[in-house]
2 protein chains.
Amino acid sequence: MVRRPALTPLVADLPPTVPFVGPEAQERDRGGRPFRARIGANESSFGPAPSVIAAMRAAAPDMWMYCDPDNFDLKTAIAGHLGVACHNVVVGEGIDGLLNLVVRMMISPGQPVVTSLGAYPTFNFHVAGFGGRLVAVPYENDHENLDGLLAAVKRENAPLVYLSNPDNPMGTWWEASDIRRFADALPETTMLIIDEAYGELGPDSALFPIDVSRPNVIWMRTFSKAYGLAGIRCGYAVGEEGFIRDVEKVRNHYGVNRMALVAGEAALADQAYLAEVKAKVAAGRERISAIARDNGLSPIPSATNFVTIDCGGDGAFALAVLKQMIARDVFIRKPMVPVLERCIRVSVGLDHELDIFAEELPGALKAARG
Amino acid sequence: MVRRPALTPLVADLPPTVPFVGPEAQERDRGGRPFRARIGANESSFGPAPSVIAAMRAAAPDMWMYCDPDNFDLKTAIAGHLGVACHNVVVGEGIDGLLNLVVRMMISPGQPVVTSLGAYPTFNFHVAGFGGRLVAVPYENDHENLDGLLAAVKRENAPLVYLSNPDNPMGTWWEASDIRRFADALPETTMLIIDEAYGELGPDSALFPIDVSRPNVIWMRTFSKAYGLAGIRCGYAVGEEGFIRDVEKVRNHYGVNRMALVAGEAALADQAYLAEVKAKVAAGRERISAIARDNGLSPIPSATNFVTIDCGGDGAFALAVLKQMIARDVFIRKPMVPVLERCIRVSVGLDHELDIFAEELPGALKAARG
């Protein structure tokens with residue numbers, strides 16, 4: 001037997017998990033047959049603003065230069081947008097990259113990390129990757145359970161708790177006042193990650209006002225969703241100066257690509273386009289909800305760019321509906337954990353994509369029932 | 001005193017290091033005065049191929065889509081280019097990102113990691129970031145010291161050793177036959193990282209042929225240097241199937257941005273442009289070397305896109321030369337460790353940038369001496 005270099009015990013024991021199977025992989029598995037509607041990954045089918053596309057095109061010849069490792073221009077723009085200082089902001093390779101860093105900074109093997117059962121799998125992937133012990137609190141009425149999360153934090157003495165608001169995969173949200181009560185009740189030694197990936201798309205009243213004097217809350221936002229830039233990998237975290245300075249000790253300083261910095265800055269500058277997208281997303285949510293109701297299903301009110309639909313049966317039935325939709329060339333996804341698994345999740349797409357969704361859903365439901 | 005969430009002991013103890021200060025930060029420190037020649041970061045002033053720029057521009061509107069997390073198309077192209085299988089390739093956010101992953105996978109706190117004294121600082125940053133103990137072997141005759149590295153690996157029983165070939169910051173190289181002897185002599189339980197960031201720019205005879213049946217060698221290459229895409233963050237690692245599969249357990253699956261995947265694929269497809277760049281880089285090396293000799297300095301033969309120049313004095317003198325060049329709006333860098341510190345490092349730039357270098361060097365030398 002060949003002797004080989006050893007992995008750390010932690011990494012050696014990790015399972016060979018892939019958090020998501022991408023639509024491209026599904027298309028390859030289907031012999032290359034493309035989806036007709038790509039409404040499963042909560043991407044923004046409306047795309048980035050024309051001004052952002054123009055900025056990216058103009059910057060293409062500059063890609064021979066490394067990025068500014070300080071991300072100065074984008075951080076300045078974000079700080080100005082949010083009314084905080086540059087030293088309260090760190091830019092990362094999407095929220096995914098920032099979650100990796102925060103987990104790495106705070107979690108030693110065996111330490112408890114609290115999240116909701118069925119919440120963002122990539123966060124769980126990072127927790128597992130650094131040896132954390134995941135404590136997952138079930139949703140309550142399709143909302144992340146603030147009281148349950150708080151109780152779990154206290155019971156476990158957890159140094160880290162994750163909350164998405166608005167929530168994925170259910171699309172529900174808490175008002176800022178509820179989040180504030182939750183944050184105020186947390187132990188000072190527990191860091192709260194508020195993942196606001198969908199923050200621009202819900203009611204403003206759901207946004208827990210950023211307060212960089214709180215040393216135990218870190219806000220995360222992204223250009224992936226409302227700004228239509230999922231592919232460019234650009235997110236940011238906002239928090240207390242000392243914590244942000246600590247992130248600098250471990251982040252990959254040249255990790256955010258130059259195109260992302262250009263695109264992020266241009267996106268932030270085009271708030272008129274963001275307003276257009278918000279209106280289109282709201283209309284799209286209404287349309288998906290109406291299609292669901294027309295088919296006897298129950299859409300869950302959403303503050304995001306997707307609608308999660310209660311199919312009215314068990315997980316097996318919703319999975320059958322999902323598979324029928326995939327077979328009809330409609331890419332959607334669904335939650336997989338108990339209770340939530342009764343649902344499918346449909347992203348707001350272009351009109352013609354929602355037309356296809358409306359056309360195919362009745363047949364999918366019939367086949368799933370049959 | 002405010003109680004706050006605790007970092008892991010490892011991260012809490014890390015110093016607040018930034019591996020490099022970017023030219024943009026230097027320009028800001030100079031009150032915004034721009035450099036006239038950007039020939040310090042071993043970027044490719046020749047830029048990406050026109051075909052690559054066109055591909056990026058065409059792809060800009062697609063950035064609303066997440067990347068294919070399998071990076072299937074680019075991996076297929078790389079595998080075809082190198083004559084290996086897709087399962088021998090992993091794409092990362094530049095070599096920097098891949099170094100982070102390999103260190104994380106292999107190094108538990110306190111374990112020794114062998115490198116050369118003065119070699120790539122970002123590798124050292126990652127080793128420190130995961131608690132490794134760096135064992136740095138001095139260069140010998142401006143080459144990484146293969147015998148010394150081997151002795152250090154054996155003495156320390158190190159699980160990981162880093163070698164760049166061609167080397168940065170000296171530009172020197174070993175022939176493949178030397179690397180083979182080194183690799184063959186390593187313990188089977190030691191992983192060798194061969195960083196070939198400059199691999200396309202040196203003699204083919206310096207490229208240690210990729211052999212994916214070796215479980216203890218991982219080759220790393222990038223689109224940052226010869227392909228002129230430093231800003232897009234796209235590198236790849238090639239190795240034995242089992243190790244690549246292990247990388248999948250920890251890498252950020254959506255971490256490589258979609259634009260990077262497009263650019264990398266287009267770059268690989270345009271080997272004619274690469275050949276042009278190689279010729280321009282070779283000519284640029286000759287020119288920098290001639291300018292150095294004209295000023296009484298000793299250029300070190302280079303297989304990269306830069307020339308490291310022995311200024312003929314001590315570290316303080318070379319630092320004075322560097323500062324004089326910076327003051328003259330010429331961005332260059334220099335090695336900082338003993339022996340190597342007698343040098344400055346100049347990247348191959350455009351003709352007009354090397355004109356400026358030639359114009360300013362005599363004055364900088366005179367001022368540094370005076």
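Q: Are B:Glu196 and B:Arg221 buried or exposed in this predicted model?
A: Let's start with how the two residues meet: the side chains of B:Glu196 and B:Arg221 form a salt bridge, 2.8 Å from N to O. B:Glu196 sits in the loop between strand 6 and strand 7 of chain B, while B:Arg221 belongs to strand 7, 25 residues apart. As for their surroundings, both B:Glu196 and B:Arg221 are buried.

Q: Which residue forms a salt bridge with A:Asp329?
A: A:Asp329 lies in the loop between helix 12 and strand 11 of chain A, and its partner lies in the loop between helix 2 and strand 1, so the pair ties together parts that are 299 residues apart in sequence. Both members of the pair are buried. The closest N and O atoms are 2.6 Å apart, and the partner is A:Arg30.

Q: Which residues are joined with A:Arg30 and A:Asp329 into one network?
A: Happily, this pair does not stand alone, as salt bridges that share partners join it to further residues. Besides A:Arg30 and A:Asp329, the members are A:Arg33, A:Arg36, A:Arg328 and A:Glu360.

Q: How many residues apart in sequence are the parts tied together by A:Arg342 and A:Asp142?
A: The side chains of A:Arg342 and A:Asp142 meet in a salt bridge of 2.7 Å, N to O, and both residues are buried. A:Arg342 is in the loop between strand 11 and strand 12 of chain A, and A:Asp142 is in the loop between strand 4 and helix 7, so the parts they tie together are apart by 200 residues.

Q: Which residue caps the N-terminal end of helix 7 of chain A?
A: Helix 7 covers residues 146–156, and its buried residues include A:Leu146, A:Leu149 and A:Val153. Among the elements covering those buried residues are strand 3, strand 4, strand 5 and helix 8 of chain A. At the N-terminal end, a side-chain oxygen lies 3.3 Å from the backbone nitrogen of A:Asp147, and the residue that supplies this cap is A:Asn145.

Q: What phi does A:Asn157 take?
A: Now look at the residue's place in the chain: A:Asn157 comes just after helix 7 of chain A. Its phi is positive, at about 50°.

Q: How many disulfides does the structure hold?
A: A disulfide needs cysteine sulfur atoms within 2.5 Å. For A:Cys343, the nearest cysteine sulfur, that of A:Cys311, is 6.8 Å away. For B:Cys234, the nearest is that of B:Cys67, 10 Å away. Over all chains, the number of disulfides is 0.

Key
Residues are numbered from 1 along each chain as its sequence is written. Chains are lettered from A and ligands numbered from 1 in the order in which they are written. This is a predicted model: local features need pLDDT of at least 70, side-chain atom pairs count only at pLDDT 80 or more; totals for chains, interfaces and linings use all residues. Side-chain values use heavy atoms; hydrogens and water are left out. Buried means under 20% relative accessible area, exposed over 50%, partly exposed in between (1.4 Å probe, protein chains only). Helices (H or I, at least four residues) and strands (E, at least two) are DSSP runs, numbered from the N terminus. Contact means heavy atoms within 4.5 Å. A polar contact is a pair of N or O atoms within 3.5 Å; within protein, one must be able to donate a hydrogen and the other to accept it, and residues adjacent in sequence count only if both atoms are side-chain atoms. A salt bridge is a side-chain nitrogen of Lys or Arg within 4 Å of a carboxyl oxygen of Asp or Glu.
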